[in-house]
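Colleague: Got a minute to walk me through this one? I'd like to go strand by strand and then zoom out.
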Amino acid sequence: MRRIAILTAGGDTPALNATIFGAVERANQLKIEIVGIVRGFAGILEPQLPHVRLNPLFTSIPELDPCMGGTLLGASRTYIDPDQTAVIADVKSRLQRLQIEGLVCVGGDGTLNGMQPLSDLFPCVLAPKTIDNDLGLNYIDEPNEITEDEISQSGKGFGGRVSRESIELEEIINYATPGYATAVFVVVQGVERIRTTAESHRRIAIIEVMGRDSGFIALGSAYGQPDIILIPEVPLDMERLEQRVAELYELQKHVVIVVGEGVCDQSGRQLGAITRSYDPAGNIIFNGAAEELKRLLCVRFGDQFFSSRRKNESADSAIFTRKVGHTQRGGFPIKFDRYHAAQLGGKAVDLIVEGRNNAMATLQYSRESGFTLGSLAANKLRDRFGKIHPRQVHSSFYEKLRFQPSRLGKEYLRSVLTNALGSEDVEQMRATMFNPGKLATRFQSVCIDMNRRIELLK
Ligand code: F6P
């Protein structure tokens, strides 16, 4: 194999450059040229196929920095439509004109779907990424257990179903995805900072975190010690929530609630998707779970609850909401993500070289050996109707009466996060945060340097 390509698709994560770096370093070792396609599937669909040589003379270009967040190649949420066979054939012929023999796609479930039609014509492998930590399975048979009814609930995963009451951590397929640990790192800091202000002003803080239908980021927020964690997998029990909030407010005069953006009510209605809109990949755009939760709590408690305790306090002023937002997806990747992303990038190149197609590199965990690399045929993630579902937090990871991770949930978090932050991460913050040089120069975007490197197919 002489030349392969790589692209980054879907929402970005802080670890994408680390994955590309791992892939390029492995390609250097194997003396394979590696070409980066600009802006994911959007680039591959362009007749001129904008691309960048990432390892001229088998040396990584200096712009490729595994410690930088985002992706120097750019990403997009454009996907390949499997029904457009002529378009897919054009993509194949463009890649062949560039003498590309295999394609590594760095992405999540949407990317895997986008890659599928292409893999019918061309060798493709996925290196996983997503802050949502939802690309994988709780156990290998999970997709086979889904029923026709459940499939019609688009976007929903498996975890809320009590198909199996317990799982072993060793059974999890693709244990953690690059980007997740950094997202949790950001969320935990946010929760800790909001705590002290809620505490000072005796308020109820509702903090909304990302993750779509999966509550892994919300679960990880446990390190910030929020009083209540609400995950999308468990329908909201408003009675119990009201009771717990009242108990905590009496006890400590403030409450911190973390809510996963995809949280549902008892009827399965997603609180944050009231105005349903769709991005080009067909994903629901979540917007406003925290606001809706605030509205529900305001109705339940009413002004009286607060004004009877403190003069001039209304429910509206006592309860406030904050979204951690895109800070979860940006900035430098912490050590766990950097290291495993790079490893997975290298593994994806190995899979392509081994002749695998429509497969993905995975990160596996065992209590005995820790983290190891693995691989999976992408179709193993599909249910019998061909759909890939987001992995959800398994019911055994969460105690719904206490709104906290269960014992197993905590063990899962410990295995990923205990050593996730490196001393170099802390040192990097110390050295760069208030570097006076920043006041003397403008931000230097990698896009400027990369633009100079972009080549087009003639
Ligand atoms: O899938 C990653 C993710 O960050 C989700 O957690 C979130 O709902 C979504 O993407 C936000 O997407 P965008 O920034 O493209 O609107």
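Modeller: Sure. Let's begin with a β-α-β unit: β1, helix α1 (residues 16-30) and β2 form one, and it is right-handed. Keep in mind that this is a predicted model.

Colleague: OK, and how do β1 and β2 run, parallel or antiparallel?

Modeller: Parallel. Strand β1 covers residues 3-8, strand β2 covers residues 33-37, and four bridges join them. If you want a spot to look at, A5 sits opposite V35 in β2.

Colleague: What about β2 and β3, which sense is that pairing?

Modeller: That one is antiparallel, over three bridges. I37 has H51 in β3 as its bridge partner.

Colleague: How many residues of β2 are buried?

Modeller: Five of its five, so I'd call β2 mostly covered, taking buried to be 20 or more other C-beta atoms within 10 Å. Both faces are covered: E33, V35 and I37 are buried on one side, and I34 and G36 are buried on the other.

Colleague: Zooming out a bit, what's the strand order in the sheet?

Modeller: It's an open sheet of seven strands, ordered β3-β2-β1-β4-β5-β10-β11, and the pairing is mixed. The edges are β3 (51-53) and β11 (370-377), each of which pairs on one side only. From one strand to the next, the twist averages 30°.

Colleague: Which helix packs on that sheet, and which strands does it touch?

Modeller: Helix α11, residues 335-353, packs there. The strands it touches are β1, β4 (103-107), β5 (124-128), β10 (359-366) and β11. The direction of α11 makes about 170° with that of β5.

Colleague: Back to that β11 edge. Where is A377, and is it buried or exposed?

Modeller: A377 is in strand β11. A377 is exposed, because it has 12 other C-beta atoms within 10 Å and exposed means 12 or fewer.

Colleague: And what does A377 contact, if you skip its neighbours within four places in sequence?

Modeller: N358 and A359. For a distance to check in your viewer, the C-alpha atoms of A377 and P405 are separated by 31 Å, with their positions 28 residues apart along the chain.

Colleague: What about A378, buried or exposed?

Modeller: Buried. A378 has 22 C-beta neighbours inside 10 Å and the cut-off is 20 or more, so A378 counts as buried. A378 is placed in the loop between β11 and β12 (398-399).

Colleague: Which residues does A378 touch, leaving aside those within four places in sequence?

Modeller: L112, L126, N358, A359 and M360. As another distance, A378 and D81 are 18 Å apart, C-alpha to C-alpha, while being 297 residues apart in sequence.

Colleague: Now the whole thing. How many helices and strands does the protein have?

Modeller: There are 15 helices and 13 strands. The radius of gyration is 23 Å, close to the 23 Å from the globule rule for 458 residues, so the protein is as compact as a globular protein of that length.

Colleague: What does the C-alpha trace span, if I'm setting up a box?

Modeller: About 75 × 60 × 45 Å along the principal axes.

Colleague: And how much of it is buried, and what share of the contacts is long-range?

Modeller: Of the 458 residues, 49% count as buried. Taking contacts with a separation of 6 or more, 76% are between residues 24 or more positions apart.

Technical notes
Residues are numbered from 1 along each chain as its sequence is written. This is a predicted model: local features need pLDDT of at least 70, side-chain atom pairs count only at pLDDT 80 or more; totals for chains, interfaces and linings use all residues. Two strands pair if DSSP finds at least two bridges between them. Helices (H or I, at least four residues) and strands (E, at least two) are DSSP runs, numbered from the N terminus. Axes are lines fitted to C-alpha atoms, for helices over the stretch in contact, and angles run from 0 to 180 degrees between N-to-C directions. Two residues are in contact if their C-beta atoms, placed from the backbone, lie within 7 Å. The radius of gyration is taken over C-alpha atoms; the globule rule is 2.2 Å times the number of residues to the power 0.38. A crossover is right-handed if, with the strands pointing away from the viewer, the path from the first strand over the helix to the second runs clockwise.
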